[in-house]
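Welcome to a guided tour! Open the structure in your viewer, switch to a cartoon display, and follow along one stop at a time.

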Amino acid sequence: MKILDKLKNIIAKNKIIGAEIIQKNVVDSTNELAKTLAKNGAADGTVIITEEQTGGKGRLDRKFFSPRDKGLWFSIILRPKCLPNDAPKFTLMAAAAIACAMKRFNLRAEIKWPNDIMYSGRKLVGILTEMSAEVSRVNFIVVGIGINVNIERAEFPENIRDVAASLSEMNGGNLNRAEVFNAVLEEFDRLYNQKSFSEVFKIWREYNITLGKNINVIEADSGEIFTGKAIDIANDGALIADIGGELKTFYAGDVSIRTK
Ligand code: BT5
C-alpha cells in the first residue's frame with residue numbers, strides 16, 4: 001500500500017478526480033474492477049490503482065505489461081453528462097493531463113493519436129477508455145492509464161522491448177511514483193472541472209506528434225491499412241487524414257508515423 005500512504009494529504013484537495021481512491025496490491029485489470037464498481041454505483045472521479053496487474057489490457061484485448069512496483073496502473077471512473085460520441089474526448093483529456101503532469105518534471109510529452117504518449121518512438125503511456133452507455137446517454141466512462149515509470153529497458157519482455165519506454169529512461173533516473181500519480185490526478189481534476197474541452201484540445205495540439213505527419217492508419221473496424229497524411233483532430237476527437245487526396249475520418253485505429 002505504498003503509493004496511497006504517501007499521498008493521503010496531498011490529493012484530498014482535488015474536487016472530483018481522486019476524491020475517492022481505492023488501492024489494491026494486485027488485480028487482474030483496474031479497468032475491469034472499475035467497471036464492476038461503477039455498475040455498483042461508485043462515484044464520479046473514483047480512482048482505482050494497483051501495484052500490479054496480472055491481466056492488464058490494451059485495446060482489442062491486447063496485453064498490457066504491468067509489473068509490480070514499477071509503474072502506475074490505474075483507472076478513473078467518470079460520470080459526465082454527455083453523449084456516447086463524446087467518450088473518445090476523455091482519452092484526449094487523459095493525454096493532456098499526463099502531458100501537463102510530465103511538464104512539472106521537465107519532461108516533454110509526445111502524444112500520438114489516439115491513446116499513446118511516446119518517447120523516442122516507443123510507448124511510455126497507454127490509455128484505454130471504455131464506456132457503458134445507452135443510445136443517448138453515457139452511464140459511465142472508465143479511463144484506464146498505464147504509465148511505465150521506473151522500468152529498465154531490459155526488464156520489458158522481449159516482445160515489447162523495442163516498442164516500450166519508461167519515464168525513468170527519459171528522465172535519466174527514477175521518479176517518485178506517488179508524485180507522478182498526484183500530478184496526473186491534479187491535472188486531470190483541473191481539466192475535468194472545466195466547462196468545455198477547449199483547453200484539452202489546446203494542450204493536445206501543443207504536444208501531439210501526429211498532425212502534419214505522413215502516417216499509416218490501421219482502421220480498427222475493418223483492419224484496412226490507409227496511407228496518407230494526418231491533417232487535423234475533429235471536435236469529437238476523431239482523426240482527419242488526407243488519404244490519396246480525400247479527407248477521411250478515423251474514429252479508432254492504430255497509427256504509425258512514416259519518416260517520409
Ligand atoms: C494501450 O493499448 O496502450 C492501452 C493500455 C492501457 C493500460 C491501462 S493500465 C490500467 C488500466 N487497466 C487495464 O487493464 N488497462 C489500463 P494499445 O494501444 O492496444 O497497445 C497495446 C500494445 O502496447 C501491446 O500489444 C504491446 O505491443 C504494447 N505494450 C504492452 N505493454 C506495454 C507497456 N507496459 N508499455 C508500452 N507498451 C506496451
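Before the first stop, one term: two strands count as paired if DSSP finds at least two bridges between them. Keep in mind as well that this is a predicted model.

**Stop 1: the seven-stranded sheet**

Please select strands E1 to E7. They make an open sheet of seven strands, and reading across it the order is E1-E2-E3-E7-E6-E5-E4, with mixed pairing. Which strands are at the edges? They are E1 and strand E4, the latter covering 110–112, and each of them pairs on one side only. Turn the view and look from one strand to the next: on average, neighbouring strands of this sheet are turned by 20° against each other, direction ignored.

A small reminder from the textbook helps here: strands of a sheet pair through backbone hydrogen bonds, and they may do so in a parallel or an antiparallel way.

**Stop 2: the E1 side**

Now select residues 21–27 for E1 and residues 47–53 for E2. These two strands run parallel, and six bridges join them. To find one facing pair, show Ile-22 in E1 and look across to Ile-48 in E2, which stands opposite. Add helix H2, residues 30–39, to the selection. E1, H2 and E2 together make a right-handed β-α-β unit.

Next, follow the chain past E2 into the loop that leads to E3, where you will meet Leu-60. What is its phi? Leu-60 has a positive phi of about 50°, although it is not a glycine.

**Stop 3: a run of hairpins**

Move to the other edge of the sheet and select E4 together with strand E5, residues 116–119. They run antiparallel and are joined by three bridges. Ile-111 has Ile-117 as its bridge partner in E5. The two strands form a hairpin, with three residues between them.

Zoom in on that loop between E4 and E5, and you will find Pro-114. Look at the peptide bond that joins Trp-113 and Pro-114: it is cis, with omega at about 0°.

Continue along the chain to E6. E5 and E6 pair in the antiparallel sense over four bridges, and Tyr-119 stands opposite Arg-122 in E6. This is again a hairpin, now with two residues between the strands, and Ser-120 in the turn has a positive phi of about 40°.

The following pair is E6 with E7. How many bridges do E6 and E7 share? There are 10, in the antiparallel sense. Show Thr-129 and you can spot Val-143 of E7 opposite. E6 and E7 also form a hairpin, with two residues between them.

**Stop 4: the ligand**

Select the ligand and display the residues around it. There are 26 of them, and Ser-29, Lys-57, Arg-62, Lys-123 and Asn-148 come nearest. Colour this shell by character and you will count eight nonpolar, 12 polar and six charged residues. Several elements you have just visited supply at least two shell residues each: helix H2, strand E3 (71–78), strand E6 (122–134) and strand E7 (137–148).

Now look at individual atoms, starting with the side chains of three residues:

- Arg-62 has a polar side-chain atom 2.6 Å from an oxygen atom of the ligand.
- Lys-123 places a polar side-chain atom 2.7 Å from an oxygen atom of the ligand.
- Thr-30 has an N or O atom in its side chain that is 3.1 Å from a nitrogen atom of the ligand.

Switch on a surface if you like. How much of the ligand does the protein bury? Taken alone, the ligand exposes 800 Å², and the protein buries 92% of that.

**Stop 5: the five-stranded sheet**

For the last stop, select strands E8 to E12. Five strands form an open sheet here, in the order E11-E10-E9-E8-E12, and the pairing is antiparallel. The edges belong to strand E11 (246–250) and strand E12 (253–257), each pairing on one side only. Neighbouring strands of this sheet are turned by 45° against each other on average, direction ignored.

Finish with one pair inside the sheet: strand E8, residues 214–219, and strand E9, residues 225–233. They run antiparallel and five bridges join them. Show Val-217, then find its bridge partner in E9, Phe-226.

Definitions and conventions. Residues are numbered from 1 along each chain as its sequence is written. This is a predicted model: local features need pLDDT of at least 70, side-chain atom pairs count only at pLDDT 80 or more; totals for chains, interfaces and linings use all residues. Side-chain values use heavy atoms; hydrogens and water are left out. Axes are lines fitted to C-alpha atoms, for helices over the stretch in contact, and angles run from 0 to 180 degrees between N-to-C directions. A residue is near a molecule or strand if one of its heavy atoms lies within 4 Å of it. A polar contact is a pair of N or O atoms within 3.5 Å; within protein, one must be able to donate a hydrogen and the other to accept it, and residues adjacent in sequence count only if both atoms are side-chain atoms. Accessible areas come from the Shrake-Rupley method with a 1.4 Å probe; for residues, only the protein chains shown count as cover. Ala, Val, Leu, Ile, Met, Phe, Trp, Tyr, Cys and Pro count as nonpolar, Asp, Glu, Lys and Arg as charged, and the others, Gly among them, as polar. A crossover is right-handed if, with the strands pointing away from the viewer, the path from the first strand over the helix to the second runs clockwise.
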